[in-house]
Amino acid sequence: MSITPLAAIPSVRTAPAFRGRIGQDARSGHYAVPRRYRLHLATACPDGLRIAVGHSLLALDDCCPVTFLPAVPDCPDGSHAALRPLYEASAHRYSGPALAPVLSDDWSGRIVSTHGRDILRDLDRHFGDGVTRLYPCGAEAEIEAVERLCSQGIEQAAQRAGREGGDPAALDVLLAALGELERRLTGVEFLVGGQLSAADVELWVALVQLDTVHRNHLDASAVHRIADHPALWAYARRLAGHPAFGVHLDLDGISRRHQGRCQGLEAAGAAVQILDWTGHAADTSRR
């Protein structure tokens, strides 16, 4: 088991990142056995939403069960009480927060990984049917470039632009990233190779967060400039109608999670919704 402290990684999390890999670490014994592993996800969290969408695209309900967690953690430190036994079993004298997402090993009762992108790659590589591939052969570098663009150019830039006092340079970075993606999506259905891939999952989740969370802290003119990317938002709307995407869209949970964590001030952009997501949102009462 590889556990990397997060001290050097920019994050509010203080839990260690468990980085076990299915089928790659002979010492861990994490062999690719159907129904051995379980996902623990809160789909109001971007990482949880990404994994849930990828899991549905790969049709892994029977192979790798999912336990859905409350949108808002039930412990003051951001922990999920249901995950506490897994963390305590996986790290000696563990006293940090028990955070999602988690891929656990039902055979040992321990955590394999808390690293969202590793989890999705391993599910795709070892449990997919070979027809649907989130990481098609030869497309890994292009998908990783999209992941960086979404992380740095959309999510991080939007957070900086929405801080009190604003950051004009951050808004420029955000608009440049959206412009690049707009050009890539003009006249095509998907980002990579003409088929749905992890790049589309990554971008769709980033756009959901941008419209449901980050715009609340931007001024109205900034939100109008963000909305002025017709191919990009038509793509987001179309994917929301796909059964593997919209079924996991917990709008109420995203709102409650944001309200519970956010310390910023609401701005005029809160009144300028870009897409009406409600027609595609999940009915979480059925879980």
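So, helix 4 against helix 5. On the helix 4 side you've got E142, V146, L149, Q152, G153, I154, A157, A158, R160 and A161, and they meet A170, L171, V173, L174, A177, L178, E180, L181 and R184 of helix 5. If you sort that contact by class, you get 13 nonpolar, 2 polar and 4 charged residues. Helix 4 covers residues 140–161 and helix 5 covers 168–185. The angle between the two is about 145 degrees, and the axes sit 8 Å apart. As for handedness, helix 4 passes helix 5 in a left-handed crossing.

Quick word on what we're looking at: this is a predicted model. The mean pLDDT of the protein chain is 89, and 89% of the residues get to 70 or more. The stretch to watch is residues 1–13, where the pLDDT is below 50. That stretch does have 25 contacts in the model, not counting near neighbours in sequence.

Okay, on to helix 6, residues 198–212, which shows up in two packings here. Take its packing with helix 1, residues 46–57. The angle there is about 140 degrees, with 10 Å between the axes. At that angle, helix 1 and helix 6 are therefore oblique to each other. The crossing of this pair is right-handed. Who's touching whom? From helix 1 it's P46, L49, R50, V53 and L57. Helix 6 brings V201, E202, W204, V205, V208 and Q209. By class, that contact comes to 8 nonpolar, 1 polar and 2 charged residues.

Now the other packing, helix 6 with helix 8, residues 230–240. Here the axes are 10 Å apart and the angle is about 105 degrees, so helix 6 is roughly perpendicular to helix 8. The residues from helix 6 are D200, L203, W204, L207, L210 and D211. Across from them, helix 8 puts in L232, W233, Y235, A236, L239 and A240. The class split is 10 nonpolar, no polar and 2 charged. And keep an eye on W204 when you rotate the model: it's in the helix 6 contact with helix 1, and it's in the contact with helix 8 too.

Let's switch to aromatics. There are 5 aromatic pairs in the structure, and I'll show you one of them, F18 with Y87. How are those two rings arranged? They're edge-to-face, with 5.7 Å centre to centre and 80 degrees between the planes. F18 belongs to strand 2, residues 17–18, and Y87 to helix 2, residues 84–90, so the pair ties together parts that are 69 residues apart in sequence.

Last up, some backbone details for anyone who wants to check torsions. Which residues does the cis peptide bond join? A100 and P101, with omega at about 5 degrees. You'll find P101 in the loop between helix 2 and strand 5, and strand 5 itself is 102–105. R93 is in the loop between helix 2 and strand 5 as well. R93 has a positive phi of about 55 degrees, and it's not a glycine. R35 is another non-glycine with a positive phi, at about 65 degrees. Look for R35 in the loop between strand 2 and strand 3, where strand 3 is 37–41.

How values were computed. Residues numbered from 1 in each chain as written. Predicted model: local features only at pLDDT ≥ 70, side-chain atom pairs only at ≥ 80, totals over all residues. Heavy atoms only, no water. pLDDT = per-residue confidence, 0-100. Contact = heavy atoms within 4.5 Å. Axes fitted to C-alpha atoms, helices over the stretch in contact; angles between N-to-C directions. Helix = DSSP H or I, 4+ residues; strand = E, 2+ residues; numbered from the N terminus. Parallel < 35°, antiparallel > 145°, perpendicular 65-115°, else oblique. Left-handed = near helix turned anticlockwise from the far one by under 90°. Nonpolar A, V, L, I, M, F, W, Y, C, P; charged D, E, K, R; others polar. Phe/Tyr/Trp six-rings, centres within 6.5 Å; stacked < 30°, edge-to-face > 60°.
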